[in-house]
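Open the model in your viewer and keep the selection panel at hand. This tour goes from one selection to the next.

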Amino acid sequence: MTNPYLQLEGISKKFGQFIALGGIYLEIEQGEFICLLGPSGCGKTTLLRIIAGLEQQDQGVIIQGGKDISRLPAVRRDFGIVFQSYALFPNLTAAQNIAFGLQNLKKSPVETRRRTEELLDLVGLPSHGHHYPSQLSGGQQQRVALARAIALSPGLLLLDEPLSALDAQVRVSLRQEIRQLQRRVGITTIMVTHDQIEALTMADRIAVMNRGVIEQLASPSQVYRHPTTHFVGSFIGAMSFLPAIVKGIGWADCCGYGIRLHDVPVPAGNPIQLAIRPEDVRLAETHAMGDNIVKARVKGIEYLGAMERVTMGLHSPSGVTPDGKEREVLWMDLPASVSRDLNISVGELLSIHLPMDSIRVFAREGT
Ligand SMILES: Nc1ncnc2c1ncn2[C@@H]1O[C@H](COP(=O)(O)OP(=O)(O)OP(=O)(O)O)[C@@H](O)[C@H]1O
Ligand SMILES: [Mg+2]
């Protein structure tokens with residue numbers, strides 16, 4: 001990136017002995033929509049608050065629009081923020097909430113009214129200006145909060161789980177609305193979420209965080225198709241992990257089955273983990289043999305609406321897996337119509353194809 005709008009260089013933060021952020025590096029382009037995605041407690045809110053100046057980092061530099069803002073107080077930074085809870089002033093109407101910051105800037109009443117109306121329009125509430133927060137639904141309140149956050153046309157929009165308090169349907173529609181609005185306004189945005197679907201559908205790039213660090217920073221499809229760590233693979237979507245030993249260039253042994261692989265990160269003799277998404281696992285002909293064909297016993301079938309997820313235990317050719325049981329779990333997703341025709345039942349032994357292109361390989365410590 002030649003000229004990033006926001007640069008975080010080695011941001012770290014401790015609370016007592018607890019390391020909340022362990023050195024965050026992130027460059028964000030002008031107009032980009034970035035999601036910080038990770039489990040509870042991984043440091044997402046802390047990082048957002050540090051960017052806003054609501055929390056002070058122990059180390060690291062923040063550069064926004066070419067200017068070092070590392071030590072600037074929040075009031076002198078250029079951002080708008082929306083929190084999970086609506087945080088509107090309950091005694092002010094929607095229009096007054098939006099106009100609040102404009103009035104502080106001593107804009108003329110005419111100009112303030114014009115801008116407020118424009119913002120109400122932008123968030124799809126042209127006729128709700130006179131409503132108080134208690135007269136608005138949760139989704140409408142979040143739209144007002146959004147309008148208030150962008151009222152002063154800040155350079156940076158910070159969103160901390162803005163949708164998580166809303167019901168599922170409202171969440172889906174607001175997801176799209178926020179993204180459209182962000183594109184229209186062209187504002188550089190960082191949104192915190194622990195909802196993978198939200199991140200996958202909204203972000204230009206996702207920063208997947210775990211225990212105070214960014215484990216992977218990439219586009220949604222890259223993060224989903226090519227997770228670079230076990231954590232990323234298992235946090236986003238479902239993924240089966242199978243133990244294997246490298247046997248040579250481009251192949252490994254997995255519980256007695258020969259598996260062809262594209263990239264193997266370690267030399268022969270080393271333990272690795274094979275990872276595959278349920279939708280990439282294929283049913284093979286009953287008596288199929290050869291590379292990347294394994295046998296697995298059906299343990300359960302879960303109905304997911306359009307899909308059915310078949311949970312299987314990997315069956316070793318010698319009759320036993322390393323600990324004598326069909327322990328290694330493999331998931332396969334089948335379209336419900338296919339699954340109905342096949343009439344698979346629990347206890348059945350299936351031949352399964354693990355396509356080479358769909359297998360990710362991770363290093364594994366110990367055996
Ligand atoms: N002011 C504080 N004092 C002490 N510990 C804190 C403080 N703020 C945050 N922490 C701790 O730092 C860690 C990261 O907190 P943070 O709020 O950033 O997590 P998060 O990723 O936003 O989680 P969630 O998804 O639950 O909101 C947590 O373990 C939290 O308890
Ligand atoms: Mg948080």
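Begin with ligand 1. By class, its shell holds 3 nonpolar, 7 polar and 1 charged residues. Bear in mind as you look that this is a predicted model.

**Stop 1: the shell around ligand 1**

Select Phe 15, Ala 20 and His 194, which are among the residues around ligand 1. Add Gly 38, then Ser 40, Gly 41, Cys 42 and Gly 43. Finish with Lys 44, Thr 45 and Thr 46, and the list of residues around the ligand is complete.

Which helix gives the most to this shell? Colour helix H1, residues 44–52: this helix is the top contributor, with 3 residues.

**Stop 2: the two domains**

Now zoom out. The protein chain is divided into domain 1, residues 6–233, and domain 2, residues 239–363. Give each domain a colour. Their C-alpha centres lie 40 Å apart. How many residues does each domain put into the contact? Domain 1 supplies 4 residues and domain 2 supplies 6 residues. On the side of domain 1 that touches domain 2, look for 1 nonpolar and 3 polar residues, with no charged ones.

**Stop 3: H2 against H3**

A packed pair of helices is described by the angle between the axes and the distance between them. Use both for the next three stops.

Select helix H2 (residues 94–104) and helix H3 (residues 109–122). Their axes come within 9 Å and cross at roughly 125°. H2 and H3 are therefore oblique to each other. The crossing of H2 past H3 is right-handed.

Show the side chains next. From H2, pick Ala 94, Ala 95, Ile 98, Ala 99, Leu 102 and Gln 103. They meet Thr 112, Arg 115, Thr 116, Leu 119 and Leu 120 of H3. This contact of H2 with H3 has 7 nonpolar, 3 polar and 1 charged residues.

**Stop 4: H2 against H4**

Keep H2 selected and bring in H4. The two pack at an angle of about 20°, with their axes 7 Å apart. Oblique or roughly parallel? That angle makes H2 roughly parallel to H4, since angles under 35 degrees count as such. The crossing of H2 and H4 is right-handed.

On H2, highlight Ala 94, Asn 97, Ile 98, Phe 100 and Gly 101. Facing them in H4 are Val 144, Ala 147 and Arg 148. Sorted by class, the contact of H2 with H4 comes to 5 nonpolar, 2 polar and 1 charged. Ala 94 and Ile 98 of H2 may look familiar: they meet H3 and they meet H4.

**Stop 5: H4 against H5**

Hide H2 and select H4 (residues 138–150) with H5 (residues 168–185). Their axes come within 11 Å and cross at roughly 15°. H4 and H5 are therefore roughly parallel to each other. H4 passes H5 in a right-handed crossing.

What makes the contact? On H4, click Gly 138, Gly 139, Gln 142, Leu 146 and Ile 150. On H5, click Val 170, Leu 174, Ile 178 and Val 185. The contact of H4 with H5 divides into 6 nonpolar and 3 polar residues, with no charged ones.

Technical notes: Residues numbered from 1 in each chain as written. Chains lettered and ligands numbered in written order. Predicted model: local features only at pLDDT ≥ 70, side-chain atom pairs only at ≥ 80, totals over all residues. Near = placed C-beta within 6 Å. Helix = DSSP H or I, 4+ residues; strand = E, 2+ residues; numbered from the N terminus. Nonpolar A, V, L, I, M, F, W, Y, C, P; charged D, E, K, R; others polar. Axes fitted to C-alpha atoms, helices over the stretch in contact; angles between N-to-C directions. Parallel < 35°, antiparallel > 145°, perpendicular 65-115°, else oblique. Left-handed = near helix turned anticlockwise from the far one by under 90°. Contact = placed C-beta atoms within 7 Å. Domains from an automatic or database assignment.
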